[in-house]
Amino acid sequence: MRFALIVLTTVSCNLIGSAIYAEGPPVQPQTIEDVFSNGVLEPEPAPAPGVSDLPAGSNLPTDADNQLIQTPAEQPTAYFTEQNCPSATCNSQSACNCEACSCNACTLCDRIPLLNKFPSDRCFDDFVMPVSNPVWSIDPRSLTYVRGVFINQMISAQTPVLGAGDLQVYALQLGIALNERLSIIAVKDGYNTLQTRGVGNSQGWSDIGLGLKYVLIRDVENQFLLSGGLIYEATNGSSRVFQGNGDSVWTPYLSVGKQIGNGHLIASTGYHVPGDTAEESQSIYYSVHYDHPITSKLSAVAELNGIVYTKSGQALPLSIEGGDWINLGSSSVAGNNFISTAIGANYRLNSCLSLAGVWEFPITGRKDLMDSRTTATLTLQF
């Protein structure tokens, strides 16, 4: 009896459930195309809470708050570049608003703070300083620099009295730019060694030559310069190396510089006026320098130097003279004309430091004391 009641109850529940699910329309299965064609139902956005619904004590953000959110309290730190650098030397500018020099290149310059107070005129940085005839071939720019000079000059075996030999010069030149037009220059000093068959070996100090230079015309746009000045050479040197004779020499001079295409031309001329015309001869000198860039750091250099002797001295009965470094005061040199040429290169290690070297030889029949000469310079420019 109990088993029959259980069976009856189970059958009744199944019949009632089938009737309930059968009341709605039959549901057909949908494909993926049907789902995309019907679209996706988007839920309705929740209503924004009213102002009255905000919690007590809360405030709406003001315009000032929005500005603080959008603008950081501190600007991000900028990294230094070549146009914006921490060095006092690098930050200094000339009148044409060009940068003094690259930050990456001025670490050596910064170690000599005294010369940093007198920065060079950096608006003519592509020019290369003349190398041969280092005393009288004057750069027309207003520069602050320290330049080491080494000269090895060979003397011909046909040279009267002296015979074959050689001369070495170890010198240090200096320039201080007081401003972009006026500068002080020290063009001659140093220590000499002389070895010849005629007089043997001797050593001694050079005379000291100091002067002023003033830029008369300074045209940055056309890269043109015209300078003039006066150099005074004292008689403090050693007679063993043909220095210290006479009573000083005054040399007024002119120097011009011009960019020609990618190259640069520098020409100088001046007149040597000795204080004692019996001890030293008088002469007019001229020098022409041309440099042309080969790479961003390397430039080819070609130069021409000449001396025209206008009046002889009375110190030695010779028909030869000493050229740019030595004035013998020879008695038979008036009218003599000596010309030499030099070829070489200049290499910029960076924007402050450069190394140059040239080989020089006479192109006239007259050699005087120069059979050939090698000149090397190391220039530190501020």
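**Figure 1. Salt bridges of the predicted model.** The count comes to nine salt bridges, a salt bridge being a side-chain nitrogen of Lys or Arg within 4 Å of a carboxyl oxygen of Asp or Glu. The model is predicted, so local features need pLDDT of at least 70 and side-chain atom pairs count only at pLDDT 80 or more, while totals for chains, interfaces and linings use all residues. Residues are numbered from 1 along each chain as its sequence is written, and side-chain values use heavy atoms, with hydrogens and water left out.

**Figure 2. Close-up of R218 and its partners D121 and E180.** R218 and D121 form a salt bridge through their side chains, with 2.6 Å from N to O. R218 is in strand β6 (residues 209-219) and D121 in the loop between α5 (113-116) and β1, so this pair ties together parts 97 residues apart in sequence. Helices (H or I, at least four residues) and strands (E, at least two) are DSSP runs, numbered from the N terminus. Both R218 and D121 are buried; buried means under 20% relative accessible area, exposed over 50%, and partly exposed in between (1.4 Å probe, protein chains only). A salt bridge also joins R218 to E180, where the closest N and O atoms are 3.5 Å apart. E180 sits in the loop between β2 (165-177) and β3 (182-188), and this pair links distant parts of the chain, 38 residues apart. R218 counts as buried because its relative accessibility is 14%, whereas E180, at 27%, counts as partly exposed.

**Figure 3. Close-up of the salt bridge between K367 and D371.** The side chains of K367 and D371 meet at 2.9 Å, N to O. K367 is partly exposed at 34% relative accessibility, and D371 is partly exposed at 30%.

**Figure 4. Close-up of R141 in the loop between α5 and β1.** With 3% relative accessibility, R141 counts as buried. Its side chain makes a polar contact with the side chain of D139 at 2.8 Å. A polar atom of the R141 side chain also lies 3.5 Å from the backbone oxygen of F127. A polar contact is a pair of N or O atoms within 3.5 Å; within protein, one must be able to donate a hydrogen and the other to accept it, and residues adjacent in sequence count only if both atoms are side-chain atoms. Neighbours within four places in sequence aside, R141 is in contact (heavy atoms within 4.5 Å) with F124, D125, F127, V128, M129, K213 and L225.

**Figure 5. Close-up of N245 in the loop between β7 (224-233) and β8 (249-260).** A polar atom of the N245 side chain is 2.9 Å from the backbone oxygen of N327. Not counting residues up to four places away in sequence, N245 touches T235, E279, E280, N327 and L328.

**Figure 6. Close-up of G148 in strand β1 (residues 145-155).** G148 is partly exposed, with a relative accessibility of 26%. Its C-alpha atom is separated by 7.7 Å from that of Y170, which is 22 residues away along the chain. Residues up to four places away in sequence excluded, G148 touches A171, L172, A376, T377 and L378.
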